[in-house]
Each structure stands twice: as structure tokens, then as C-alpha cells.
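Open the model in your viewer and keep the sequence panel visible. Each stop gives a selection and what to look for there.

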Amino acid sequence: LAGVRAHLPYLKSLGVNAIYFNPIFEATTNHKYNATDYMKIDPHFGTNAEFKSLLDDAHRRGIAVILDGVFNHTGDTHPFFLDAAKKGAKSKYWKWYKFDGFPVVKSPKPNYAAWWGLPALPQLQVAKNPDVANYIFQVEEHWLKKGIDGWRLDVPNEIDSDAFWREFRKRAKKLKP
């Protein structure tokens, strides 16, 4: 983030008017599609404060900032998934994911719905669980209120709910008309 911020004058001189970041939330891999905390910038990139400084500087230059919303799945080290895997049906997060039994196993094949069968990417039950949807709305609104200009949504077709996406858009437009 510090490097991007330092190069904002150069980017502006090229005519750049928007920056889209692939996932930058805390995660355990280089690709960051396996979020462990949607409210925290991954330390590999910087801090939440550094991100805020980047946002402010970009906006002063007329450059919008868009984040990648990966809301179809979390990482297998996300606290909600870990709690569900540990406690089973006693976890408040058990129904946030689609498990096919307890104990939870990752190998040789996960006994839970995982994006493309990858154990590290357990799928959220967004369309089937209002608590999951509300959590994602909290994430959405948190970052919009922090100053981002919009969202790029990863695999939105895999969250099978037009109503969810209409609500997501309505909330975004309310904060960023």
C-alpha cells in the first residue's frame, strides 16, 4: 500500500482514475482469496491506517479505489469456520457453512462445501442464512464508510440469491450514490 501511495502522482500523470485491488484482507496465502478477517488489511500489504492514508491521497487526486469482495467463501483459518469445525452443531457458525457431518475433515476430501472442492476455501451459506448475509452487509458498509468507492464482487453467480445482491447494491448506493 505504501508503494501504491508513493506512486499516486505517477499513476495520475498516466490518466489513472481508479485503482482496483484484488483481495487485500487478512489471509494466510499470497492470493488472499481465503480471508481470515474481512475488517483488517493483511499485514503483507500494510495496515488499516496505511490504507486510509492511501484512500485519502487517491481521493485528493480524483482516483477512486475499489476492493475485491470475496464473499462466496472464507478461508479455513477464518475464526467462524474454526469455531464451527471445533464445536460442530453447538457453534453459532455451524449453519454459516454447509457441513456433511462431524467431525469436520479436510482430507482426502472435505466433508463441507468448498469452492471448487478446495479445502482451504469453505463456502458460506449466504443465500440460506440471514446471519451470513447480514455479516457481509456489515463488511460492505464498514469499508464504504471508511472511504472506498465501490466493490468488485468475486464469483457473484455462485451466491444464488438475486435478493441478496439487490440488497447489497441498495446498501452500497445508499452510502455511495
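The tour goes from the whole chain to single residues, then to the voids and the backbone.

**Before you start**

This is a predicted model: local features need pLDDT of at least 70, side-chain atom pairs count only at pLDDT 80 or more, and totals for chains, interfaces and linings use all residues. Residues are numbered from 1 along each chain as its sequence is written, and side-chain values use heavy atoms, with hydrogens and water left out.

**Stop 1: the whole chain**

Colour by secondary structure. The protein chain has six helices and five strands. Helices (H or I, at least four residues) and strands (E, at least two) are DSSP runs, numbered from the N terminus. Their order from the N terminus is α-α-β-β-β-α-β-α-α-β-α.

Switch to the C-alpha trace. Along its principal axes it spans about 55 × 35 × 25 Å. The radius of gyration of the protein chain is 17 Å, which agrees with the value near 16 Å for a compact globule of 177 residues. That radius is taken over C-alpha atoms, and the globule rule is 2.2 Å times the number of residues to the power 0.38.

Of the 177 residues, 45% count as buried. Buried means under 20% relative accessible area, exposed over 50%, partly exposed in between (1.4 Å probe, protein chains only). Among contacts (heavy atoms within 4.5 Å) with a separation of 6 or more, residues 24 or more positions apart account for 61%.

**Stop 2: K32**

Select K32, in the loop between β2 (25–27) and β3 (35–41). Is K32 buried or exposed? K32 is buried, at 3% relative accessible area.

Now show its polar contacts (N or O atoms within 3.5 Å; within protein, one must be able to donate a hydrogen and the other to accept it, and residues adjacent in sequence count only if both atoms are side-chain atoms). The side chain of K32 makes one with the side chain of D42, at 3.2 Å. A polar atom of the K32 side chain also lies 2.8 Å from the backbone oxygen of T29. Leaving out residues up to four places away in sequence, K32 touches P23, F25, A27, D42, H44 and F45.

**Stop 3: the largest cavity**

Keep K32 selected and add P23, F25, Y33, A35, Y38, D68, V70 and H73; together they line the largest cavity. Its volume is about 40 Å³. The lining divides into six nonpolar, one polar and two charged residues.

**Stop 4: the largest pocket**

Select N72, K98, A113, Q123, L124, Q125, V126, A127, K128, E158, I159 and D160. These residues line the largest pocket, with a volume of about 160 Å³.

**Stop 5: backbone geometry**

Most residues other than glycine have a negative phi, and most peptide bonds are trans. Go back to K32: its phi is positive, about 65°. Then select V155, in the loop between β5 (150–153) and α6 (162–175). Phi of V155 is near 40°, also positive. V155 is buried, with a relative accessible area of 17%.

Next, select F102 and P103. A cis peptide bond joins them, with omega about 5°. The bond from S107 to P108 is cis, with omega near 5°. P103 is in the loop between α4 and α5, and P108 is found in the loop between α4 and α5.

**Stop 6: L118**

Finish at L118, in the loop between α4 (79–87) and α5 (130–146). L118 counts as partly exposed, at 40% relative accessibility. Measure from L118 to D76, C-alpha to C-alpha: they are 9.8 Å apart in space and 42 residues apart in sequence.

How values were computed: 1 Å grid on protein atoms, 1.4 Å probe; cavity = no way out; pocket = protein on both sides within 12 Å on 5 of 7 lines; lining within 4 Å. Points joined across faces, edges and corners; volume = space filled by probe spheres on them. Nonpolar A, V, L, I, M, F, W, Y, C, P; charged D, E, K, R; others polar.
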